[in-house]
Every structure is written in C-alpha cells, then in structure tokens.
Amino acid sequence: MSFSPLDGISYEHERPGTNVAACEIAEEEPRLRAISDQSAGTSPDVPGKWSRKQELGHLIDSATNNRVRIAKAATEGQYAGPSYDPVAWVELGGYAGMSWSVLIDLWKMLNEALGVALDRVPPRRLEAECRIGDAQPATLRFVIEDYILHMQHHLDHILGRERMTEYPSAAARK
C-alpha cells in the first residue's frame with residue numbers, strides 16, 4: 001500500500017485535492033479577511049521570518065509554480081523543471097508593500113483556477129512522473145497532495161494555530 005499525504009481526509013473526487021482545495025478556500029478566506037492590513041504587514045521580531053503578507057505571497061508563488069507543474073504533467077504525461085527560490089520570489093513579488101485584501105483575492109483566484117484544473121486532470125495521469133529540481137521523482141498525485149498540505153501548513157501559521165499541518169516535502173528538508 002502506498003503512502004498518501006491526504007490519507008484520512010475524505011474528498012468526493014477520484015482526483016486528490018479538488019474538493020479539499022475548494023473547502024480550504026471557503027473555510028480560510030473569511031479567517032484571513034479578519035486579519036487587519038496592519039497586522040498582516042507586521043514583520044516578526046525574528047530575522048529571516050516573513051510577515052503574514054509575505055507568507056501569503058509565498059502561497060501565491062507556490063500556486064503559480066505548481067499550476068505549471070500540474071498542467072504539464074496532466075497534458076504531457078510527465079514534468080521536469082526547476083525548483084524555485086521562495087525567499088527570492090517573495091522579495092521580488094513585493095508582497096510586504098501590497099494590500100492584504102489584494103493578496104487574499106489573488107491567493108483565492110489562483111487556487112480557484114487551480115481547483116478547476118485539478119478537476120480536469122485525467123485519472124490516468126495521476127501517476128505521471130514529476131521531476132522538480134534536484135528532488136527525487138514523485139508522482140503527479142504526490143505533487144498535488146503535497147501542494148494542498150503545504151498550503152494548509154502555511155495557512156495554519158498565518159492564522160496563528162497551535163497545531164501546524166505536516167507535509168512530506170517539509171519532512172524531507174529536515
């Protein structure tokens with residue numbers, strides 16, 4: 001039996017993440033909007049840590065990168081491409097100076113569009129091989145599931161939850 005990072009999470013579709021992603025957006029958007037722009041822009045006192053705006057910007061960058069990975073694996077039967085430097089992307093994105101509301105809107109729209117694409121991934125393509133940077137090859141299913149859990153991990157942090165969602169690619173970096 002293979003490990004699935006979303007074991008124990010039920011969803012209606014054969015394709016991992018479609019219903020889960022929609023639920024994440026619906027549940028978390030109002031919680032994000034309850035945070036003030038000023039609070040979201042406050043940088044932690046720890047050097048190298050992101051503000052909430054920057055962390056949500058990181059999720060925007062993650063959605064952008066993963067959309068390409070998912071689309072290529074789903075349409076071409078494989079994906080091979082670079083990883084990316086999240087710190088450099090967040091800095092380049094200028095998220096710290098953007099409106100919190102605009103960042104939430106962008107995160108929501110990108111993930112809604114990604115959810116539509118996830119719904120259309122042919123089930124036979126879920127086992128497509130994905131090579132991201134120097135990491136070990138993974139299936140498209142794993143990439144999708146890891147993306148969802150990565151998003152929830154960061155949302156847990158942004159929202160100040162005591163318990164943080166774990167995800168496989170984070171464990172690999174420890």
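Let's start with R131. At 40% relative accessibility, R131 counts as partly exposed. Its partner is E129. The two side chains meet in a salt bridge, 3.0 Å from N to O. E129 is partly exposed as well, at 38% relative accessibility. Elsewhere, salt bridges with shared partners tie E28, R31, D156 and R161 into one network.

A word on what we are looking at. This is a predicted model. Mean pLDDT for the protein chain is 88. Of its residues, 86% reach 70 or more. The weak stretch is residues 1-13, where pLDDT is below 50. That stretch still has 22 contacts in the model, beyond near neighbours in sequence. Be careful there. Where pLDDT is low, predicted coordinates should not be read in detail.

Back to salt bridges. How many are there? The count comes to 10. Let me show you two that link distant parts of the chain.

Take D105 and R33. Their side chains meet in a salt bridge, with N to O at 2.4 Å. D105 sits in helix α5 and R33 in helix α1, 72 residues apart. Are these two buried or exposed? Neither label fits. D105 is partly exposed, with a relative accessible area of 30%. R33 is partly exposed too, at 34%. The reason is the cut-offs: buried means under 20% and exposed means over 50%, so values in between count as partly exposed.

Now K53 and D37. They form a salt bridge, and the closest N and O atoms are 3.2 Å apart. K53 belongs to helix α3, D37 to helix α2, which covers residues 37-41. The pair is 16 residues apart. Look at the accessibility here. K53 counts as buried because its relative accessibility is 5%, and the cut-off for buried is under 20%. D37 is partly exposed, with a relative accessible area of 39%. So this bridge joins a buried lysine to a partly exposed aspartate.

On to the inside. The largest nonpolar core has 34 residues. Which of them touch the most other members? They are L32, L56, W100, W107 and L140. Where does the core come from? At least two residues each come from α1 (18-33), α3 (52-76), α5 (100-119), β2 (129-132) and α6 (140-158). Helix α6 gives the most, with eight residues.

Zoom in on L32. Which residues does L32 contact, once neighbours within four places in sequence are set aside? The list is L56, W100, I104, W107, L155, I158 and L159. Find L56, W100 and W107 in that list. Those names also came up among the core residues that touch the most other members.

Next, the strands. β1 covers residues 78-81. Its covered face has Y79 and G81. Its uncovered face has Q78 and A80. β1 pairs with β2 in the parallel sense, over four bridges. On your screen, find G81: it stands opposite I132 in β2.

Last stop, helix α4, residues 86-93. What happens at its start? A side-chain oxygen of D85 reaches to within 3.1 Å of the backbone nitrogen of V87. Just after α4 comes G94, which takes a positive phi of about 65°.

Three things to take away. The 34-residue core draws the most from α6. β1 and β2 run as a parallel pair. And the D105 to R33 salt bridge links α5 to α1.

Definitions and conventions:
Residues numbered from 1 in each chain as written. Predicted model: local features only at pLDDT ≥ 70, side-chain atom pairs only at ≥ 80, totals over all residues. Heavy atoms only, no water. Core = buried A, V, L, I, M, F, W, Y, C linked by side-chain atoms within 4.5 Å. Buried < 20%, exposed > 50% of the residue type's maximum accessible area, 1.4 Å probe, protein only. Contact = heavy atoms within 4.5 Å. Polar contact = N/O pair within 3.5 Å; in protein donor to acceptor, adjacent residues only side chain to side chain. Pairing = 2+ DSSP bridges. Salt bridge = Lys/Arg side-chain N within 4 Å of Asp/Glu carboxyl O. pLDDT = per-residue confidence, 0-100.
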